[in-house]
Amino acid sequence: MLSYSRDRSGAKTVGVMNISQVTELRLSSKTRCPKGSKALKLVTADRVWVLAVPRSEGTVEQWLKAFQELQPK
């Protein structure tokens, strides 16, 4: 499970996402994100989640790898 909040502080969790339900990961250049971030879309049967991932060197690749490793085999 991945908990999420509405702001960067993470002070108040507003929900959780079951990572094992993600069927597809995609990067999106069309989705608006905070400056310096890239949109990573996580697709489930019920919805498409959008995460703002920092664009720093290797960070996007680290996120993709982490989600792929969490997927059930």
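Is W49 buried or exposed? Select W49: at 13% relative accessibility, this residue counts as buried (buried is under 20% relative accessible area, exposed over 50%, partly exposed in between, with a 1.4 Å probe and protein chains only). The model is predicted, so local features need pLDDT of at least 70, side-chain atom pairs count only at pLDDT 80 or more, and totals for chains, interfaces and linings use all residues. Residues are numbered from 1 along each chain as its sequence is written, and side-chain values use heavy atoms, with hydrogens and water left out.

Keep W49 and add Y4. The two ring centres are 5.4 Å apart and the planes stand at 70°, so this pair is edge-to-face (rings of Phe, Tyr and Trp, the last by its six-membered ring, pair if their centres lie within 6.5 Å; planes under 30 degrees apart are stacked, over 60 edge-to-face, the rest tilted). Y4 is partly exposed, at 29% relative accessible area.

Add R47 next. Its charged end sits over the ring of W49, 3.7 Å from the centre (NZ of Lys or CZ of Arg within 6 Å of the ring centre and within 35 degrees of the ring normal).

Now select M17, I19, V22, L40, L42, W49, L51, V53, V60 and F67, the largest nonpolar core (buried Ala, Val, Leu, Ile, Met, Phe, Trp, Tyr and Cys joined through side-chain atoms within 4.5 Å).

Finish at L51. Beyond neighbours within four places in sequence, L51 is in contact with L2, K38, A39, L40, L42, W63 and F67 (contact is heavy atoms within 4.5 Å).
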